[in-house]
Amino acid sequence: MKNLLRKLISKDSEKKRPFMETKVFPSLQKNMDYIQNQLFHSSDLKWRSIRFNQLEGHMIFLESLSDPQRIQKEIIEYIEAKKEGTLDELIASIDITKKTDLNEVSQALVQGNCVLFFEGVVEALIFDVTAVNKRSISEPVNEGVVRGAHDGFIENLITNLYLVRKRVENTNLVVRYYKVGKATKTKLALLYMQDLANQDLVQEVDHRLGSIEMDTVIAPGFIAEWIEDNSFSLFPQILFTERPDRAVAHLMEGRVVILSDGDPSALILPVTFFAFYQSPDDYHNRWIVGSFIRLIRLVSFIVASLGPALYIAIIGFHPEILPSNMIYTVKSSIDRVPFPPIVEALFMQIALEVLREAAIRLPSRVGQTVSIVGGLVIGDSVVRAGLVSYPMVIVVALTAIASFVAPSSEISTATRILGFPLMILAAMFGLIGITFGLLFILIHLCKLESFGTAYFAPVMPFRIKDMKDALTRFPIWNLNQRPHDPHPKKLNQEKNVRGWDYDDSGKE
């Protein structure tokens, strides 16, 4: 028992013990040996001999991260050309960082820097020569628009910040860097408008990002699950987007944006349920057209979640709801099917999810073929075989189309999953089961929060002024207030009126 207690105490003391610093050795060979041992003699660790005046040195870098052309032009050629002068003069003439801790030197190497050691010098010179390999800026595949900008975020953090700053040429735009993941050390950027974003919101996001304790953070999905309020809710509480214009629009409403190096997705928070059904196309069309399309998206949410459940409830419990002419048509179709409607619906919904997943994973040309074969050939075959009725195929097809209308894939997936428990309730209790299921969903939406913001705002709590850009979209010149849900510092926007409606004195 005493030995076990000693081990526990020793382990706890090791965790609390500060990280031991290893000073740079005067010996060039000792520094080389230490760095090689720290990186476990990795094959991509390269070194070159270099001489400056009478000093003999070694240049070390990881060829998989550093740019060899920059090393040659910016460092080697410059040092070889500068034959006279002291080492301090060399440091002053080039952008160099000095390190005395070999552990920090090892960390600088895995960040793509080049390290220069000199014999008899107890400092390491760090050069930033990170290789930049990035794809070109293109429109996001999942968030295409008919009108508007056709550029999107890429996997390079600096490029993504450039896309945002080019749209917001304002000194109030603040960028804060973070590193999360003890092993991966993923670089994040938190963006917000200093004059708009609520400081309590910024501090809460800062606290949650700082509390991430895990070895591997390789995707924004990792971050979202760490910082969101309710990870067990089916509804997403953080909006993902690859569009810079969409991120900027939310920044100007007082929200915050999180960008991650190595991923093209931006995280927007806090958000409400209705934000997932808004698209940049709503603001590029006339306000009547944009409102009509947005209403269609919201109706599609109801169709996608309730379609099969309503069909099951009506066929199994309430056939009298149907018109008399339709009853005979539906009855003649379902009499040939040996399974109850719930089995039909589950089979078709699961088959649809399998086909969708197969179409995503396969190459684009093959994926289209699989969709056609699955949708036409298999669908027609199961009906002819008497396994599924024609009305069920129509209902499931409409449900699938409605679920794909949402601009956000996260809410689209949540809607399709939401249909399964509603189908089970409909098969057990009919319309009464659906009613109780909808009440449970509504209560959950009203209780849910996203960083202190009511998730179902502005419906609950009801705020009539925010309804101008929720269910529908009013004219742009009439949107003279920012949404209340992120609690911005400035609720009222600048004077937002049409100049030709006013005379020179500013009166109508």
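**Phe 235 sits among contacts distant in sequence.** Phe 235 touches Phe 273, Phe 301, Ile 411, Leu 418, Ile 441, His 444, Leu 445, Leu 448 and Tyr 455; residues up to four places away in sequence are not counted. Contact here means heavy atoms within 4.5 Å. This is a predicted model, in which local features need pLDDT of at least 70 and side-chain atom pairs count only at pLDDT 80 or more, while totals for chains, interfaces and linings use all residues. Residues are numbered from 1 along each chain as its sequence is written, and side-chain values use heavy atoms, with hydrogens and water left out.

**Phe 235 belongs to the largest nonpolar core, a set of 58 residues.** A nonpolar core is a set of buried Ala, Val, Leu, Ile, Met, Phe, Trp, Tyr and Cys residues joined through side-chain atoms within 4.5 Å. Buried means under 20% relative accessible area, exposed means over 50%, and partly exposed lies in between, with a 1.4 Å probe and protein chains only. Which members touch the most other members? They are Leu 191, Phe 235, Val 257, Leu 259, Phe 273 and Tyr 277. Helix 11 supplies the largest share of this core, nine residues. Another core, of 22 residues, lies apart from it; Leu 190, Ala 224, Val 256 and Phe 451 are among its members. In soluble globular proteins, nonpolar side chains tend to be buried together.

**Helix 11 spans residues 287-316 and carries a kink.** The helix has 30 residues. From its first C-alpha to its last it reaches 42 Å, close to the 44 Å expected at 1.5 Å a residue. The expected span is 1.5 Å times one less than the number of residues. Where does the kink lie? It is at Leu 306, shortly before the proline Pro 308, and amounts to about 50°. The bend at a residue is the angle between axes fitted to the seven residues ending there and the seven starting there. Helices (H or I, at least four residues) and strands (E, at least two) are DSSP runs, numbered from the N terminus.

**Five strands form an open antiparallel sheet.** The strand order is 6-7-9-10-8. Strand 6 (173-180) and strand 8 (239-241) are the edge strands, each pairing on one side only. Neighbouring strands are turned by 25° against each other on average, direction ignored. Axes are lines fitted to C-alpha atoms, and angles run from 0 to 180 degrees between N-to-C directions. Two strands pair if DSSP finds at least two bridges between them.

**Strand 7 pairs with strand 6 and with strand 9.** Strands 6 and 7 are antiparallel over eight bridges. Tyr 178 stands opposite Leu 188 of strand 7. The two strands form a hairpin with five residues between them. Gly 181, in the turn, has a positive phi of about 95°. Strand 7 (residues 186-193) also runs antiparallel to strand 9 (residues 256-260), over four bridges. Here Leu 191 has Val 257 of strand 9 as its bridge partner.

**Arg 243 occupies the loop between strand 8 and helix 9 (244-251).** Is Arg 243 buried or exposed? It is buried, because its relative accessible area is 0%. Arg 243 touches Glu 139, Pro 140, Glu 143, Val 145, Ala 149, Phe 153 and Pro 280, again leaving out residues up to four places away in sequence.

**Two cis peptide bonds precede Pro 270 and Pro 458.** Leu 269 and Pro 270 are joined by a cis bond with omega of about -10°. Pro 270 is in the loop between strand 10 (266-269) and helix 10 (281-284). The bond from Ala 457 to Pro 458 is cis, with omega near 5°. Pro 458 lies in the segment after strand 12 (453-454).

**His 41 and Asn 53 have positive phi.** Most residues other than glycine have a negative phi, and most peptide bonds are trans. Phi of His 41 is near 55°. This residue is in the loop between helix 2 (28-38) and strand 1 (45-52). His 41 is exposed, at 51% relative accessible area. Phi of Asn 53 is near 55°. Asn 53 lies in the loop between strand 1 and strand 2 (55-62). Asn 53 is partly exposed, at 33%.
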